[in-house]
Amino acid sequence: MKKIPNFSRRQLLGSGAALALAGCASAPPPTPSIGRVVVVGGGFGGATCAHYLKMWGGNVDVTLVERNAAFISCPISNLVVGGFRAMSDITRGYDTLRAAGVKVVQDEVLAIDPIKKTVRLKGGSPLSYDRLVVSPGVDFMFEQVGGLEREINAGRVAHAWKAGPQTELLRRQLESMPDGGVVAMTIPKAPYRCPPGPYERACMVAAYLKQAKPKAKLLVLDANPEVQSKKALFEKAFKDHYSGVLEYRANAELKEVAGKVAKLEFEDVKADVLNVIPPQRAADLAKSSGLITVNQRWCGVNWLSMESTAVPNVHVLGDAVFAAPLMPKSGHMANQHAKLAAAAILELLQGNQPNPSPVLMNTCYSFVTQRDVIHVASVHQYDAAEKIVKTVPGSGGVSIAANQLEGRYALAWAENIWADALAG
Ligand SMILES: Cc1cc2nc3c(=O)[nH]c(=O)nc-3n(C[C@H](O)[C@H](O)[C@H](O)COP(=O)(O)OP(=O)(O)OC[C@H]3O[C@@H](n4cnc5c(N)ncnc54)[C@H](O)[C@@H]3O)c2cc1C
């Protein structure tokens with residue numbers, strides 16, 4: 001019988017280390033990246049897409065370009081306007097996304113070259129991509145309301161329809177107006193970002209006035225023929241909580257602004273605080289890059305991948321997209337677009353086809369008092385025959401009544417969706 005050699009512990013450890021080193025030397029090289037994806041816009045759509053590309057793709061290079069230093073959420077910003085939350089509650093940094101492996105660049109994308117597959121930056125060198133994601137949100141159609149751009153630039157009128165300094169400006173204006181003064185707020189014709197958002201804002205402003213300036217009035221001038229979302233629930237809130245404070249007028253379209261005077265078709269309304277929500281379209285980058293295909297406002301996409309119908313290898317998400325029927329322009333929906341696009345891009349980069357029957361869903365919560373909330377929900381599914389996304393019959397619905405439990409859900413929803421977008 002062959003004798004088994006005796007090894008000392010030290011010899012064994014040494015040989016083990018040698019084997020381990022030999023193993024290292026012959027280990028296969030790290031898997032090469034499956035491609036480079038550049039994401040423009042670190043809001044609800046872009047940040048979520050960057051996060052999920054990295055989480056699901058691993059060995060994919062993801063660069064997110066965002067012009068702002070921090071993510072500031074429009075959802076919950078109406079509570080800041082009303083004085084019930086602080087700016088710090090709706091502001092998050094991008095470090096968690098960096099820690100998840102996304103290269104975050106603070107810069108502005110000036111142009112897209114779809115032939116060379118590069119994006120030109122305001123500050124840094126151009127970035128090359130295999131697939132580009134564009135989620136730039138909305139910009140305003142100032143040409144539709146005379147004088148509006150001038151008054152907003154001068155800081156006399158606030159829109160507060162992009163969260164940040166504008167949210168703070170509107171809050172300051174409300175705080176410094178006299179008791180007995182008038183706040184006028186105007187709502188553009190649909191479609192616009194966040195269908196229930198203006199009515200939630202009306203409730204938050206009225207709640208503040210009722211509490212702090214009981215002799216003041218809020219005039220809601222809506223260009224639409226009626227409340228655009230959760231109609232019965234908002235009308236009930238206006239009546240139950242804010243009668244005597246809030247007056248709602250339908251079919252009141254803003255034509256021109258001069259100082260704090262809102263000029264409608266047949267009358268002028270003089271206000272102490274004028275909050276104009278301007279008409280909107282896909283953001284400037286979408287316009288200058290030829291991504292806008294519908295009504296000179298919105299970007300058409302292939303709903304299986306969110307790829308632009310006009311510019312190959314460029315995927316558009318969020319509010320900039322020409323929405324499918326009954327699909328709202330919401331942060332929740334931008335988050336869903338982002339996940340659909342991330343999954344599709346990872347397949348396409350590997351030569352595979354995307355999921356042929358994607359499903360998206362949406363929930364929008366709205367505060368009608370500081371604590372009471374209402375929601376609307378819907379589910380949307382791709383229809384292969386018509387190549388569009390349709391609401392699933394019987395899905396979704398609205399709250400039976402405003403309630404405080406949904407108030408807690410709404411705040412939890414916000415914390416969760418911020419974490420989902422920013423990986424932390
Ligand atoms: C008052 C208010 C309340 C709302 N409440 C809700 C709510 O309760 N629930 C809900 O689901 N939705 C809500 N929304 C809607 C939600 O905010 C939007 O639908 C969502 O932000 C859309 O996401 P997005 O990615 O398309 O755009 P955004 O989130 O606006 O992100 C776009 C980003 O792109 C950046 N960007 C643009 N162009 C460039 C460029 N050229 N270079 C670099 N960066 C660029 C911008 O700085 C911005 O950060 C609300 C909106 C408002 C105004």
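## Exercises on two sheets and a ligand site

Let's begin with a strand pair: β11 (residues 182-187) and β12 (residues 217-222) run parallel and are joined by six bridges. The model is a predicted one, so please keep its confidence values at hand for the last exercise.

**Exercise 1.** Work out which strands stand at the edges of the open sheet that holds β11 and β12.

*Solution.* Step one: write down the strand order, which is β13-β12-β11-β17, with parallel pairing among the four strands. Step two: look for strands with a single partner; these are β13 (246-249) and β17 (273-276), so each has one side left without a neighbour in the sheet. Step three: add the twist, since neighbouring strands here are turned by 15° against each other on average, direction ignored. Step four: pick out a facing pair between β11 and β12, where M185 stands opposite V220.

**Exercise 2.** Now try the open sheet that contains β6, β7 and β8, and find its pairing sense and its edges.

*Solution.* Step one: the order is β6-β7-β8, and the pairing is antiparallel. Step two: β6 (109-113) and β8 (127-128) each have a single partner strand, so they are the edges, with one side of each lacking a neighbour in the sheet. Step three: check the link between β7 (residues 118-121) and β8, which is antiparallel and spans two bridges. Across it, T118 stands opposite S128 in β8.

**Exercise 3.** Describe how the protein surrounds the ligand, going from single atoms to whole elements.

*Solution.* Step one: find the residues that come nearest; out of 34 around the ligand, they are G45, E66, S135, R193 and D319. Step two: list some polar atom pairs. In the side chain of S135, an N or O atom is 2.8 Å from an oxygen atom of the ligand. N68 places a polar side-chain atom 3.4 Å from a ligand oxygen atom. From the backbone of G331, an N or O atom lies 2.9 Å from a ligand nitrogen atom. Step three: consider the cover, for the ligand on its own has 1,000 Å² of accessible area, and the protein covers 93% of it. Step four: name the elements that give two or more residues to the shell, namely α2 (44-57), β2 (61-66), α3 (77-81), α10 (331-349) and β24 (359-367). Of these, α10 gives the most, with three residues.

**Exercise 4.** Find the stretch where the pLDDT is below 50.

*Solution.* Step one: start with the whole protein, whose mean pLDDT is 94, with 94% of residues reaching 70 or more. Step two: turn to residues 1-24, where the pLDDT is below 50. Step three: count the contacts of this stretch beyond near neighbours in sequence; the model has two.

Key. Residues numbered from 1 in each chain as written. Predicted model: local features only at pLDDT ≥ 70, side-chain atom pairs only at ≥ 80, totals over all residues. Heavy atoms only, no water. Pairing = 2+ DSSP bridges. Axes fitted to C-alpha atoms, helices over the stretch in contact; angles between N-to-C directions. pLDDT = per-residue confidence, 0-100. Contact = heavy atoms within 4.5 Å. Near = heavy atom within 4 Å. Polar contact = N/O pair within 3.5 Å; in protein donor to acceptor, adjacent residues only side chain to side chain. Areas by Shrake-Rupley, 256 points an atom, 1.4 Å probe, with all protein chains shown as cover.
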